[in-house]
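Subject: Structure for your review

Dear colleague,

Please find the sequence and structure below. A summary of the findings follows.

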Number of protein chains: 2
Amino acid sequence: MSETVYPLAGHTPQRKGLRDSVYELILNMLMTSDIAPGTRLSIDVIARDLKVSPTPVREALVQLERTGLVTREALKGYRVAPPIHSGQLEALFDARLVLECGATELAAGHAADVVPELDATLEKQRELGEKVRRAFAAGGPAPVDLLREYFAVDWQFHHLIFEGTRNPFLLDMSEDISIRVHRMRQTVNAGVTDAPDAVIEHGLILDALRNGDGDAAAAAMRDHIEKVRERARHDTAAR
Amino acid sequence: MSETVYPLAGHTPQRKGLRDSVYELILNMLMTSDIAPGTRLSIDVIARDLKVSPTPVREALVQLERTGLVTREALKGYRVAPPIHSGQLEALFDARLVLECGATELAAGHAADVVPELDATLEKQRELGEKVRRAFAAGGPAPVDLLREYFAVDWQFHHLIFEGTRNPFLLDMSEDISIRVHRMRQTVNAGVTDAPDAVIEHGLILDALRNGDGDAAAAAMRDHIEKVRERARHDTAAR
DNA sequence: TCTCCCAATATCCTATAGGAAAGATGTTTG
DNA sequence: CAAACATCTTTCCTATAGGATATTGGGAGA
């Protein structure tokens, strides 16, 4: 047709505007650096720091409020949300049981598509878990970057199951839960030494999915989450 | 003490800022009036109509985008979200099955608190359902206000169960589902003639909860949602 | 008659300024 | 010395203006 060739095939500029950039920046800031709950999140200050106008910051904070990471009091501004206390912790696990067991059963319907990805993820988790174990055995300081990577892979296993349901509504809800689980990790700050257990339990879920047995997979997921809950209880009690 | 008397006891000014007012106004507008999908929601136009500045309108739209009622394309503005098509309809019912069956089982743990409220709601639904039936038997025009009221009570039954879980996370998710179910009603636009069925099925759920039998209650809820799904399928097929 | 290009309009996005409320600090008074 | 008041600062909330971008319509050329 024309003599101009387009070398930007998949490179859609992904026009997302400033709002989403600011959102991701603040989200990352809240997730990574351990910022004290109750800290004020001043719109103007953030806008100055990021060299943007307050408007996109406002929009990003509205979006963040919906996730529960920040709280807002009218005419008083935004603050970092308080951590998850023990009562909410039990409720969070209950919600996870409801959502994830149901999702696992649904994902079993598309097992053929899901199993390969889960396999790769579990293998990566096994490697990282071993690294974590060795790092702790060496007794050195907590390798935060390594832990962050491990937790990411751990959650990716659960996330892939949600994707496996091919259900956009459940996927949306998994996003909400994901952030809350991450926040829980900040308060419980354990779930580290149990890496071998988690790998084994994930393996049981994966085996059931490989067999296409939805009920067994859901049961394995229930078992896994209950065990994580038990370990979390132990951590909070010991704290 | 002082001679000034304060006659504004419960009249807390309810400081919520313009943002929430605008949000509720737009939400109501979208829920009630059947506005065509794809309609542009111009920030400036809405701001002019509501006699406020564009900023609170922007915030309200960000919040609405998160609910799925409106879509946003960067630099192109907001639009009314497209309706739920049949593929999403099946997925929506799957998600409801996962969420509501799990919630019912959890709510059985607080049956004593929940049953009275459910009883009152079901009684109201029975009355309204009868009114609806008579209105349709008379063959007159569709009594939209009456239908709106009936649907509200119908959903309140489900909502009370979510509240009965005493689980803030599940309650949050029920809000998301609620809006989507409402939107589904706009596309399926039936679920009217089945009022007697719905009342009966709700009654079965309530009976199981009264007995404190969580498993039976969850099974009754599953049965109910599956039947609603079947009726919705029938509607879309007939359309 | 169809296609392509260009300009005009409407809208979104960003930036800046002013009014209002909440919290903090210093002062005054019992 | 303590408590209450006044004032000040900070921040949020709202409003308005300007630059950038997408859509629409018309006109020229093939």
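A polar contact is a pair of N or O atoms within 3.5 Å; within protein, one must be able to donate a hydrogen and the other to accept it, and residues adjacent in sequence count only if both atoms are side-chain atoms. By that criterion, an N or O atom in the side chain of A:Ser42 is 3.1 Å from a phosphate oxygen of DNA strand D.

Please note that this is a predicted model, in which local features need pLDDT of at least 70 and side-chain atom pairs count only at pLDDT 80 or more, while totals for chains, interfaces and linings use all residues. Residues are numbered from 1 along each chain as its sequence is written, chains are lettered from A and ligands numbered from 1 in the order in which they are written, and side-chain values use heavy atoms, with hydrogens and water left out.

Contacts with DNA strand D

Two backbone contacts join that of A:Ser42. A backbone N or O atom of A:Ile43 lies 2.8 Å from a phosphate oxygen of the strand, and one of B:Ser53 lies 2.4 Å from a phosphate oxygen. Two or more residues each are given to the surface near DNA strand D by β1 (40-41) and α2 (43-50) of chain A and by α3 (54-67) of chain B. Helices (H or I, at least four residues) and strands (E, at least two) are DSSP runs, numbered from the N terminus. "Near" requires a heavy atom of the residue within 4 Å of the molecule or strand. There are 17 residues around DNA strand D, and A:Ser42, A:Ile43, B:Leu18, B:Ser53 and B:Lys76 come nearest. Of the DNA atoms that come within 4 Å of the protein, sugar and phosphate account for 87%.

The two copies

Chain B is superposed on chain A by a rotation of 180 degrees with 0.1 Å of shift along its axis (RMSD 0.1 Å); the fit is by least squares on the C-alpha atoms of residues with pLDDT of at least 70 in both. The two copies are therefore related as by a two-fold rotation axis. The same surface serves both copies, as 100% of the contact residues of chain B recur in chain A (contact: heavy atoms within 4.5 Å).

The sheet of chain B

Three strands of chain B form an open antiparallel sheet in the order β1-β3-β2, where pairing requires at least two DSSP bridges between two strands. The edge strands, β1 (40-41) and β2 (70-73), each pair on one side only. B:Leu41 has B:Tyr78 in β3(B) as its bridge partner.

Yours sincerely
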